[in-house]
Amino acid sequence: MRRASFRRPDSICSVSSQRGLSDPRHHRGLRGAWSTARQSRRSLYRRRVTQTVKTVSIEPVGARDVRSEFPVIVVGGGPVGLTAAIELQWRGIEVLVIERNPSTTGHPKMDITNGRSMELFRRLGLSERIRDHAVPRENCMDVSYVTRLSEWELARFKYPNVHEVRERIRQNNDGSQPLEPNMRLSQVVLEPVFREILDASPLVDIRFGWAFEGFAEDDEGVTVTALEVETGIRHTLRCQLLAGCDGGGSLVRKGLGLELEGEFDFARFYMVHFRSQDKQFLQKFGLAWHYHSPTGATLIAQDDKEMWTVQHFLRPGTDEQSIDPKQLVYRGLGREFDMEILQANPWSPHAVVATGCGRGRVWLAGDSVHQVILTGGYGMNTGIGDAVDLGWKFAAVLQGWGGPGLLESIEAERRPIAKFAADYSRKNMEVGRRVSQNYDPAIHEDSEAGAEARAKLSKLIYSVGNAKNEALGVELGGRYRESPIIFHEPNEPDWDHVRFVPSTWPGVRSPHVFLENGDAIFDLLGSGFTLVRFTDADVDGFLKAAEARGLPLKLLDVRDSNAHRIYERDLVLIRPDHYVAWRGNSMPSDPLAVIDQVRGAGRGASIDTETT
């Protein structure tokens, strides 16, 4: 595979080795205003871009005078593309985001942001800001099974609210918990929050109503063609790196010649998103996040106030054109009530993964790489992980310390995660089918036979469980077994997909733990790499090796017996995304080799800073 050649940028974006505290602007992200010098930094960065992106801007007659050169262009303004832009600008990289739609989505889509994604947002200083727009922290996350909402409750899986989960995390300080609880928040609400954040950044230009049409890569960068939908004007843009976050029908993926593999049209559903104030009916059995019925209808409480979504299974042969969305909801829930339909459409989930994640200067994230079944909430959350992975690696290359093999590690690390998410979502769907396959119409009868049928189905529901909402091992336990930038070890620990078992085996997420003074170890990590030291071991060689390569490295000294036990080694090298890159009880014999491998310039690779 031909590797792209990247010049080392000017010092405005270079990051030196850090022996003490990390740069608080990077570590704390958006907690507070940007530096008062933001405009001068932007001016300097523009001069850097002019020097490093050699291109001729070509605009058609009638085009407005708009900037056309950027270090990175992100195609797609959904949650994954917006997260990638947030990550990049947090790292000092200027970004252009183009999105064909005129505004953020009106479709509810994702309604849960899991603890792993919230940990990643916490790195950026955004977790509480996002929660302020979510379902109130004191509301539970229960999942209820009903015959119909108008009739009987069959089973309820109780899940604590945000405050209660935080207390559980504090009480179970053994590395088995996420740092952050899950968050209930519709994508309809999440995307505007992200856009507001990006609109405030001097490093981001976000253009809705600009449709990506194609790209051409050359030795100096990538040329992108985009159509300004409202005016019909085509624009030619240039960047050094292109991120395709443009969804399931990704034109960037198609431009790379990549296909989707897996199971298409796993089932057929009809989605109705609506507003209703009738909480007396819609919360008949009390607050819950999901209300499932074996008849095929699932009610999702989007905000526990007035926004709701029904996902209704469609049997094969259903005439979709004749469906009346209101009547479908009424039949599924059991009776009529006041409602205002906001969105309604049929759709099909897929369990598919792209044949690749990109190449050269063009890489993919989110639904452009993987599409999963909605059971488990792995779609957007896997995409958030993609965006963070792509973001720190793009920044590393543009800042000069990322090696020639760093971008290639995107596929080696993220594609297996995507495939696992698709497979596990299919497994979760099969569990739900078991309940539907045992549906007996007698459950709707107010009779002795009806009571017996309900008891039988309730017993089945509890026996199959609700692992799709309990699988911490899936959400936190993803492993980079095939990564070329990890110092792998033999004897991989068992992977429990439900219960998360903490480890620092290289290639896994490092464990969250609170230290004796109450600090979360994740909050002390640097924005680049962090070497966590639990003893007085001499690590000067590591620090000098990182400095020689320009790799940002923070030394974090921890003297905490509980954390030391959980982290398993005296020295643990943690990447910008919390993953363990290397560990040991003493300095490696060749620390420079370790630094080179984790930055994508392993043995035999060129380390010339002008070409890596």
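The exchange below asks how labels given to parts of this predicted model follow from its computed values.

User: Why is C239 called buried?
Analyst: Its relative accessibility is 0%. Buried means under 20%. C239 therefore counts as buried.

User: What makes C357 buried or exposed?
Analyst: C357 has a relative accessible area of 1%. The cut-off for buried is under 20%, so C357 is buried.

User: How many disulfides does a search of the whole structure find?
Analyst: The search finds zero. A disulfide would need a pair of cysteine sulfur atoms within 2.5 Å.

User: What makes R67 and E94 a salt bridge?
Analyst: Their closest N and O atoms are 2.9 Å apart. A salt bridge needs a side-chain nitrogen of Lys or Arg within 4 Å of a carboxyl oxygen of Asp or Glu, so the pair qualifies. R67 is in the loop between helix 2 and strand 1. E94 is in the loop between helix 3 and strand 2, and the two residues are 27 residues apart.

User: Why is R67 called partly exposed, and what is E94?
Analyst: R67 has a relative accessible area of 23%. Partly exposed lies between under 20% and over 50%, so R67 fits. E94, at 1%, counts as buried.

User: How do you know that the side chains of R131 and E128 meet in a salt bridge?
Analyst: The N to O distance is 3.8 Å. The limit is 4 Å, so the pair counts. Both residues lie in helix 5, three residues apart, about one turn of the helix. R131 is buried at 3%, whereas E128 is partly exposed at 34%.

User: Why does the pair E413 and R575 tie together parts that are 162 residues apart in sequence?
Analyst: E413 lies in helix 12 and R575 in the loop between strand 23 and strand 24, so the salt bridge spans that separation. The N to O distance is 2.6 Å, and the limit is 4 Å. E413 is buried at 0%. R575 is buried at 2%.

User: What makes strand 23 and strand 24 a pair?
Analyst: They share four bridges in the antiparallel sense. Pairing takes at least two bridges, so they pair. One bridge joins L571 to G584 in strand 24.

User: Why do strand 11 and strand 20 stand at the edges?
Analyst: The open sheet has the order 11-17-20. Strand 11 and strand 20 each have a single partner strand, so one side of each is left without a neighbour in the sheet. Helix 12 packs on this sheet, touching strand 11, strand 17 and strand 20.

Terms used
Residues are numbered from 1 along each chain as its sequence is written. This is a predicted model: local features need pLDDT of at least 70, side-chain atom pairs count only at pLDDT 80 or more; totals for chains, interfaces and linings use all residues. Side-chain values use heavy atoms; hydrogens and water are left out. Buried means under 20% relative accessible area, exposed over 50%, partly exposed in between (1.4 Å probe, protein chains only). Contact means heavy atoms within 4.5 Å. Axes are lines fitted to C-alpha atoms, for helices over the stretch in contact, and angles run from 0 to 180 degrees between N-to-C directions.
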